[in-house]
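Trainee: I should like to learn how the packing of helices and the surroundings of a ligand are read from a model. May we work through one case together?

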Amino acid sequence: MSSFSQLNLSAPMRANLEKLGFATPTPVQAAALPPALAGKDVIAQAQTGSGKTAAFGIPVIEQLTVASFSVQTLVLCPTRELADQVAKALRELARAKENVKIISLCGGVSIGPQIGSLSHGAHIVVGTPGRIQDHLRKGTLKLNLLKTLVLDEADRMLDMGFEEAVEDIIGQSPSSRQTLMFSATWPKPIRTLSERYQRAPVDVRVEQASVPPDITETFYEIAPGQQLDALAALLSRHQPDSCIAFCNTKEQCDNVAAALNNLEFSALALHGDLEQKDRDSVLVRFGNKSCSVLVATDVAARGLDIKSLPLVVNVEPARDAEVYTHRIGRTGRAGEQGLAVTFCTPAQSHKINRLESARKTPVKWGNSSELLTAPLEPRLPVMTTLCIAGGRKDKMRPGDVLGALTGEAGLPGSAVGKIDLFDFQCFVAIDKGLAATALKRLESGRIKGRKIRVRYA
Ligand code: AMP
């Protein structure tokens, strides 16, 4: 579809799009609009800037019955910033219809005025999951006449720990609803959410639909004992924000991680000897970008739900071709470019020969003496993790933490990263530059009316 006129849009909507300067649909709009306008469920892979807001905004507004003063559409967003931006974009699109009321309901501000606005009736509500739950609990928001539910930046909502809240809200909406889901990435939890709550959704993947992984593989021959120097040089040269370095033994994992930390890289070891709570903490910090290098054994890394990584390193060659393929498959996903590097001593070269014969193609060797001259430049992680003493069993929800940070503590939502909630504690990633402020303000504030203990993880 190359033009909006090919869609069965109302004349005022067409005129309004023209006024907004939307001449041709973006790829995600071209693919998502026809099924969404037909009332079907859609799961779309779409980034900010792809035109995703109009991809759900146009159908939602076209289907709206203005005469009925009930909430007909709910858009769930991960942060207040996004919710405000979406509400603003929807208001622009809604100029095609008279008297459409759109309100935004987010945490971090007092609830009273929101209750006031709701009592005057609204057609479209845009909000963050925690605050929407609050209104549902109070009965100030009702979803019994909801026609369309939109999950915007669904992956980010799950990253921020809103899974339970989102499921709770979905559970309170009519099963006849249309569900439109937008997500930049499609990890397993997103697909599960879609399978659970969408009906025969139309898949919209405009960018790099299931492209083969784009992985550059390089092998370096090094002297025995040179692994650490080579790894430090490689990390300095490529500056990845996340990387897994595979080792064959637990001892080597510990040694490599400790040596990297001595050189001021930020590394954590992951292997089978860790207690569950230490494993959780390692995975939390690596997953939320407060640690950039995970030094792991194959077994420990199995089943990690980690999005695509820019770099995977084999500190030692993998045992066989299957393990090798599995290791490097963690990079170059979803159309991103990946780099997989393997270090190999002369004594280990038979493993590479076996790999070549298994894959029926020769590997490419890099120049290791050149690599080893790279000046040391450790990259510091972008986030820092705070650990809050309080978790699910204390009835703490991600929204409470987000609310405390963006409300009282005055942090922008964009500075808050992943929120990982456990039974008795909660980890939250904060932009490194703002972590000290966040810590101080959280310590002097309250969450759910009580003082809390916070520390660096
Ligand atoms: P979004 O990805 O929804 O945040 O949209 C990104 C930007 O693209 C917004 O500023 C929209 O106003 C704009 N936009 C959305 N759809 C179109 C279109 N079909 N033509 C031109 N601009 C658009």
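Mentor: Let us begin with helix axes. An axis is a line fitted to C-alpha atoms, for helices over the stretch in contact, and angles run from 0 to 180 degrees between N-to-C directions. Please note that this model is predicted.

Trainee: At what angle do helix α3 and helix α4 pack, and how far apart are their axes?

Mentor: Helix α3, residues 52–62, packs against helix α4, residues 80–93, at about 50°, and their axes are 10 Å apart. That angle makes α3 oblique to α4. The crossing of these two helices, α3 and α4, is right-handed.

Trainee: How do α2 and α3 pack?

Mentor: Angles under 35 degrees count as roughly parallel. Helix α2, residues 27–37, meets α3 at an angle of about 25°, with 9 Å between the axes. Therefore α2 and α3 are roughly parallel to each other. The crossing of α2 and α3 is right-handed.

Trainee: Turning to the ligand, how many residues surround it, and which are the closest?

Mentor: The ligand is surrounded by 13 residues, the closest being T24, Q29, G49, G51 and T53. By character, this shell divides into three nonpolar residues, nine polar and one charged.

Trainee: Which polar atoms of T53, G51 and K52 lie by oxygen atoms of the ligand?

Mentor: For T53, a polar side-chain atom lies 2.5 Å from a ligand oxygen. For G51, a polar backbone atom is 2.7 Å from an oxygen atom of the ligand, and for K52 a backbone N or O atom lies 3.3 Å from one. Taken alone, the ligand exposes 490 Å², of which the protein buries 66%.

How values were computed
Residues numbered from 1 in each chain as written. Predicted model: local features only at pLDDT ≥ 70, side-chain atom pairs only at ≥ 80, totals over all residues. Heavy atoms only, no water. Near = heavy atom within 4 Å. Polar contact = N/O pair within 3.5 Å; in protein donor to acceptor, adjacent residues only side chain to side chain. Areas by Shrake-Rupley, 256 points an atom, 1.4 Å probe, with all protein chains shown as cover. Nonpolar A, V, L, I, M, F, W, Y, C, P; charged D, E, K, R; others polar. Helix = DSSP H or I, 4+ residues; strand = E, 2+ residues; numbered from the N terminus. Parallel < 35°, antiparallel > 145°, perpendicular 65-115°, else oblique. Left-handed = near helix turned anticlockwise from the far one by under 90°.
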